[in-house]
Amino acid sequence: MIWRNLTSKEIGALDKSIPVILPIGAIEQHGPHLNVETDTLISEFFCEQLHKELPNDVLILPSIAICCSEHHMDFPGTLTVSHETLIAYLKDVLTSISANGFKNIIIFNGHGGNQALGSVVIESFGVKNPDCNLSIMTWWKIASKELFNITETGPFGVGHACEFETSLLQYIKGDNVREEEIVNGPVTKTFDWAGADLLRGSRALLHRSMKEHTSNGVYGDPRAASYEKGEKIVNAVMNSFVPMIQDMKIPLK
């Protein structure tokens with residue numbers, strides 16, 4: 001079910017154990033070949049697919065598109081809020097969901113810059129609301145094992161406006177991809193212990209802006225992207241996403 005399509009009376013009558021999903025993303029540069037809505041579009045797409053799989057067993061909230069993208073502000077088109085604003089806003093939204101009686105709440109994330117802040121929100125809100133069952137799920141993390149079998153670009157290949165995001169956009173909404181603009185990302189390496197991409201975490205976190213990572217806004221190699229690969233990624237993510245959400249629907253005491 002889609003929250004915004006229901007009436008107040010219909011929402012009030014729902015089983016309060018239904019998982020409520022909040023998609024979050026970003027409006028930020030994605031190299032020369034992808035629209036700035038990429039992260040939000042991907043997050044919304046997976047939630048739409050979830051709704052198709054479980055039409056009466058999930059409740060999808062309107063997405064939050066402008067999140068924390070301060071590290072992309074060197075590139076035109078990026079919109080952002082501060083870390084503090086995003087944390088406060090998400091906690092306010094969770095409070096209003098809980099006030100409606102829903103206690104199984106999932107933030108579904110499509111942007112790397114939201115992960116740490118989302119975890120802070122889950123921890124800080126959760127400790128003060130022990131009656132809530134909270135989770136943050138990020139699409140590439142929930143299916144990381146399966147996605148390792150799909151990538152062809154090796155270390156630093158799955159990062160930003162990369163093989164995976166470009167494949168997903170080719171599959172989801174092909175007219176968002178400027179095929180003639182696809183170029184490799186000149187990833188600037190630093191310490192061996194700080195190297196990472198979406199699938200390969202670093203041993204320690206080293207803060208750098210996206211401009212310091214890559215001069216053209218692309219982190220990885222989107223030349224390896226394809227519609228067919230996008231379909232494989234979607235299937236891998238949904239094969240994890242659906243059962244995880246089904247697990248969340250537990251009887252409330």
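This short presentation describes the fold, the surface and the aromatic pairs of one protein.

Good morning, colleagues. Please keep in mind throughout that we are looking at a predicted model.

I begin with the overall architecture. The secondary structure comprises nine helices and six strands. The radius of gyration of the protein is 18 Å, close to the 18 Å expected from the globule rule for 253 residues, so the protein is as compact as a globular protein of that length. Taken along the principal axes, the box filled by the C-alpha atoms is roughly 50 × 35 × 30 Å.

How are the contacts distributed along the chain? Among contacts with a separation of 6 or more, 79% are made by residues 24 or more positions apart.

Next, burial and surface. Of the 253 residues, 51% are buried. The accessible surface of the protein amounts to about 11,800 Å², and carbon and sulfur atoms contribute 51% of that surface. As for charge, the protein carries 21 positive and 30 negative charges, and the mean positions of these two sets lie 5 Å apart.

I turn now to a single residue, alanine 161. Its phi is near 55°, a positive value in a residue other than glycine. Where does alanine 161 lie? Alanine 161 is placed in the loop between strand 5, residues 158-160, and helix 7, residues 163-172. Is this residue buried or exposed? The relative accessibility of alanine 161 is 0%, which is under the 20% cut-off, so alanine 161 counts as buried.

My last topic is the aromatic residues. A pair of aromatic rings is described by the distance of the centres and the angle of the planes. In this structure there are nine aromatic pairs. One of them joins tryptophan 139 and tryptophan 140: the ring centres are 5.3 Å apart and the planes stand at 90°, so this pair is edge-to-face. Both tryptophan 139 and tryptophan 140 are buried.

Another pair is formed by phenylalanine 191 and tryptophan 193. Here the ring centres are 4.9 Å apart and the planes are at 5°, so the pair is stacked. What is the relative accessible area of each partner? For phenylalanine 191 the value is 47%, and this residue is partly exposed. Tryptophan 193, with a value of 33%, is also partly exposed.

Finally, which residues do ring pairs link into a cluster? The cluster consists of Phe45, Phe46, Phe108, Trp139, Trp140, Tyr171, Tyr227 and Phe241. The buried tryptophans 139 and 140 are thus members of this cluster.

Thank you for your attention.

Conventions:
Residues are numbered from 1 along each chain as its sequence is written. This is a predicted model: local features need pLDDT of at least 70, side-chain atom pairs count only at pLDDT 80 or more; totals for chains, interfaces and linings use all residues. Side-chain values use heavy atoms; hydrogens and water are left out. Helices (H or I, at least four residues) and strands (E, at least two) are DSSP runs, numbered from the N terminus. The radius of gyration is taken over C-alpha atoms; the globule rule is 2.2 Å times the number of residues to the power 0.38. Buried means under 20% relative accessible area, exposed over 50%, partly exposed in between (1.4 Å probe, protein chains only). Contact means heavy atoms within 4.5 Å. Accessible areas come from the Shrake-Rupley method with a 1.4 Å probe; for residues, only the protein chains shown count as cover. Lys and Arg count as positive and Asp and Glu as negative; His and the chain ends are not counted. The place of a charge is taken as NZ of Lys, CZ of Arg, CG of Asp or CD of Glu. Rings of Phe, Tyr and Trp (its six-membered ring) pair if their centres lie within 6.5 Å; planes under 30 degrees apart count as stacked, over 60 as edge-to-face and the rest as tilted.
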